[in-house]
Amino acid sequence: MINRTDPQLLFSDAEWNAAMPGVSKDLTAYLAARRAPIFKDHGDHGEGWGSGAFLRHGGRVFVLTNEHVAAARSPTQPLASQLQDQNDIWRFVGNHVQFGLPLDLALLPVPEAMWNTKHGSTAIEIDEIAIAHDPVEGELLAFTGFAGERVKFHFGTLFAQATCYTAREIALPSDPRFSSRYHFGIDYRPDLATDVIGTRGLPLPPGLSGSVVWNTQFVAAKMLGQRWTADMAQVTGVVWGWPSDHGCIVATRAEFLRSFLLQAAQMPGRDT
């Protein structure tokens with residue numbers, strides 16, 4: 001059992017600041033294969049629309065994302081994605097399942113023929129999802145996704161640059177859309193963020209909806225006297241949205257993600 005000691009007693013400011021570049025780089029490399037961009041397919045060009053993560057569930061691979069991202073699918077507006085280390089853009093075809101507010105979760109089906117090609121993507125397994133969102137005090141959380149401002153279409157090719165972000169949990173803003181029963185907050189202030197990889201700064205959040213949030217267990221490892229590695233990270237939630245006047249990302253908690261996945265097989269699907 002972890003003794004939930006104040007993290008300020010575990011790390012000096014100098015130790016924390018010295019560790020963060022390496023932690024961020026390791027997380028960026030580890031999570032890259034699991035993230036999934038979601039595009040609106042307009043036929044002759046694409047548009048950045050949202051983010052997600054590859055997830056294996058019931059013997060199939062899906063992209064886990066938000067309901068409000070998946071709901072854009074229609075017979076006249078297909079959604080598409082891309083696998084790691086591939087240039088091909090492919091459409092989601094077949095049923096997807098979704099649950100609206102307050103969870104705002106969905107599973108988009110990945111075509112088996114695409115998943116069986118050569119690529120560098122990895123599907124999250126169910127046992128990588130935490131039983132509940134319950135990080136130790138001051139724990140480092142991370143998510144990686146595709147902000148719309150960093151998805152561009154040039155000369156017939158779609159370019160999507162991902163962002164990997166680490167921060168601590170903060171209190172939810174006072175807003176009738178959010179409840180601490182279902183949600184938690186992550187500090188997100190582009191004006192105060194520090195770059196570890198690159199120098200482009202932190203993007204505005206539109207497009208990051210659906211990004212999977214990871215409990216890195218960096219602080220927990222220190223409490224246990226263990227050497228931290230990126231594969232200790234567990235899924236602890238899914239980015240829900242950004243109340244623009246609060247400097248906060250809101251995410252759905254892992255226990256309700258698990259509940260959604262348990263019910264997904266019985267949910268009516270949308271076939272587009």
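**Notebook: cysteines, helix H1, cores and loops**

I looked up Cys 248 and found it buried, with a relative accessible area of 1%; buried means under 20% relative accessible area, exposed over 50%, and partly exposed in between, with a 1.4 Å probe and protein chains only. This is a predicted model, in which local features need pLDDT of at least 70 and side-chain atom pairs count only at pLDDT 80 or more, while totals for chains, interfaces and linings use all residues. Residues are numbered from 1 along each chain as its sequence is written, and side-chain values use heavy atoms, with hydrogens and water left out.

I then turned to Cys 164, which is partly exposed at a relative accessible area of 23%. Taking a disulfide as a pair of cysteine sulfur atoms within 2.5 Å, I counted zero disulfides.

For the whole chain I noted five helices and 16 strands, where helices (H or I, at least four residues) and strands (E, at least two) are DSSP runs numbered from the N terminus. Of the 272 residues in the protein chain, 51% are buried. With contact meaning heavy atoms within 4.5 Å, residues 24 or more positions apart account for 69% of the contacts with a separation of 6 or more. The chain exposes about 13,000 Å², of which carbon and sulfur atoms supply 50%; the areas come from the Shrake-Rupley method with a 1.4 Å probe, and for residues only the protein chains shown count as cover.

Next I checked the length of helix H1, residues 13-31: at 1.5 Å a residue its 19 residues should span 27 Å, and the end C-alpha atoms are 26 Å apart, which agrees. The expected span is 1.5 Å times one less than the number of residues. H1 nevertheless bends by about 35° at Met 20, with Pro 21 following within four residues; the bend is the angle between axes fitted to the seven residues ending at a residue and the seven starting there.

Which residues of H1 are buried? I listed Trp 16, Met 20, Val 23, Ser 24, Leu 27, Tyr 30 and Leu 31. An α-helix has 3.6 residues a turn, so residues three or four places apart point the same way. The cover over the buried residues of H1 includes strands E1 (35-41), E8 (140-145), E11 (163-170) and E13 (212-215), together with helix H4 (218-223).

From H4 I followed Phe 218, which touches Phe 11, Trp 16, Ala 19, Met 20, Val 23, Glu 139 and Trp 228, not counting residues up to four places away in sequence. Apart from the largest nonpolar core lies another, of 18 residues, among them Ala 36, Ala 72, Leu 79 and Val 110. In the largest, which has 42 residues, those touching the most other members are Leu 107, Val 212, Phe 218, Val 219, Leu 257 and Phe 260. A nonpolar core is a set of buried Ala, Val, Leu, Ile, Met, Phe, Trp, Tyr and Cys residues joined through side-chain atoms within 4.5 Å.

Last, I looked at backbone details. A cis peptide bond joins Leu 101 and Pro 102, with omega about 5°, and Pro 102 lies in the loop between E6 (95-99) and E7 (105-109). Asp 104, found in the loop between E6 and E7, has a positive phi of about 55° although it is not a glycine, and Asp 104 is buried at 3% relative accessible area.
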